[in-house]
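This report describes a single protein chain, beginning with the packing of two of its helices and moving on to a pocket, selected residues and the overall fold.

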Amino acid sequence: MSSESNVKLTIALSNPDLDADEQERETRNLLREIKDLDVENAELVAVTESPVGSKAFGAFLLGVLQAEVSLANFKKLLGFLGDRLGNKTIELEVEANGKKLKLKASSREELTAALEAAQKFVAVG
């Protein structure tokens with residue numbers, strides 16, 4: 001693949017303190033903020049693509065969104081996620097160069113380490 005390949009991210013937010021409506025609102029707010037960045041595409045994940053064990057809300061998975069970003073803007077998106085989600089429990093799946101990397105974080109330190117691992121994963125690809 002060329003160096004201009006896009007990176008796909010699946011971001012799953014998990015906050016047991018929020019009910020389904022609040023979780024939905026938080027996810028949609030994050031989606032809107034991501035769309036304001038320079039991304040190729042960002043959307044909620046439809047139920048048809050549901051990972052095992054996930055909860056559906058309407059026609060979308062509760063707390064799950066996907067974004068596609070160019071390699072040039074990948075680091076910018078990771079920086080945004082680090083600032084915005086530093087103290088939240090998230091699962092992140094990065095897909096680049098035909099390979100996938102799954103990461104989980106529940107603290108700012110874990111998220112920083114996960115985002116660094118994602119950046120290295122994409123750079124190596």
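## Packing of helices α2 and α3

In this predicted model, the axes of helix α2 (residues 71-85) and helix α3 (residues 108-124) come within 10 Å of each other and cross at roughly 175°. Angles over 145 degrees count as roughly antiparallel, and α2 and α3 are therefore roughly antiparallel to each other.

On the α2 side, the contact is formed by Leu71, Phe74, Lys75, Leu78, Leu81, Gly82, Asp83 and Leu85. Their counterparts in α3 are Arg108, Leu111, Leu115, Ala118, Gln119 and Val122. Sorted by class, the contact of α2 with α3 comprises nine nonpolar, two polar and three charged residues.

## The loop after α2 and its surroundings

Glycine 86 is located in the loop between α2 and β5. With a relative accessible area of 2%, glycine 86 falls under the 20% limit and therefore counts as buried. Leaving out residues up to four places away in sequence, glycine 86 touches Leu81, Ser107, Arg108 and Leu111. Of these contacts, Leu81 belongs to the α2 side of the helix pair, while Arg108 and Leu111 belong to the α3 side.

Two C-alpha distances further place this glycine. Glycine 86 and alanine 105 are 19 residues apart in sequence and 8.9 Å apart in space. Glycine 86 and glutamate 109, separated by 23 residues in sequence, have C-alpha atoms 7.9 Å apart. Glutamate 109 itself lies in helix α3; its relative accessibility is 61%, and it counts as exposed.

## Arginine 84 and its contacts

Which residues does arginine 84 contact, leaving aside its neighbours within four places in sequence? They are Asn29, Leu30 and Glu33. Arginine 84 is part of helix α2 and is partly exposed, with a relative accessible area of 24%.

The link to leucine 30 spans 54 residues along the chain, and the C-alpha atoms of arginine 84 and leucine 30 are separated by 8.4 Å.

## The second largest pocket

The second largest pocket has a volume of about 190 Å³. It is lined by 13 residues, of which Lys8, Leu9, Thr10, Gln66 and Glu95 are the closest to its centre. The elements giving two or more residues to this lining are β1 (6-14), β2 (41-46), β4 (60-70) and β5 (89-96).

By class, the lining consists of four nonpolar, three polar and six charged residues. In the contact of α2 with α3, by comparison, the counts are nine nonpolar, two polar and three charged residues.

## A pair of buried serines

Serine 5 lies in the segment before β1, whereas serine 70 lies in strand β4. Serine 5 is buried, with a relative accessible area of 13%. Serine 70 is likewise buried, and its relative accessible area is 11%.

The two serines are in contact with each other, and each has further partners when residues up to four places away in sequence are not counted. Serine 5 touches Leu71 in addition to Ser70. Serine 70 touches Asn6 and Glu40 in addition to Ser5. Leu71 also takes part in the contact of α2 with α3.

## Backbone at asparagine 97

Asparagine 97 is found in the loop between β5 and β6 (99-105). Its phi angle is near 55°, a positive value in a residue other than glycine. In terms of accessibility, asparagine 97 is partly exposed, with a relative accessible area of 25%.

## Overall organisation of the chain

The protein chain contains three helices and six strands. Along the sequence, these elements follow the pattern β-α-β-β-β-α-β-β-α.

Of the 125 residues in the protein chain, 39% are buried. Among contacts with a separation of 6 or more, 60% are between residues 24 or more positions apart. The contacts of arginine 84 with Asn29, Leu30 and Glu33 and the contact of serine 5 with Ser70 are examples of residues brought together from separate parts of the sequence.

Definitions and conventions
Residues numbered from 1 in each chain as written. Predicted model: local features only at pLDDT ≥ 70, side-chain atom pairs only at ≥ 80, totals over all residues. Heavy atoms only, no water. Axes fitted to C-alpha atoms, helices over the stretch in contact; angles between N-to-C directions. Helix = DSSP H or I, 4+ residues; strand = E, 2+ residues; numbered from the N terminus. Parallel < 35°, antiparallel > 145°, perpendicular 65-115°, else oblique. Contact = heavy atoms within 4.5 Å. Nonpolar A, V, L, I, M, F, W, Y, C, P; charged D, E, K, R; others polar. 1 Å grid on protein atoms, 1.4 Å probe; cavity = no way out; pocket = protein on both sides within 12 Å on 5 of 7 lines; lining within 4 Å. Points joined across faces, edges and corners; volume = space filled by probe spheres on them. Buried < 20%, exposed > 50% of the residue type's maximum accessible area, 1.4 Å probe, protein only.
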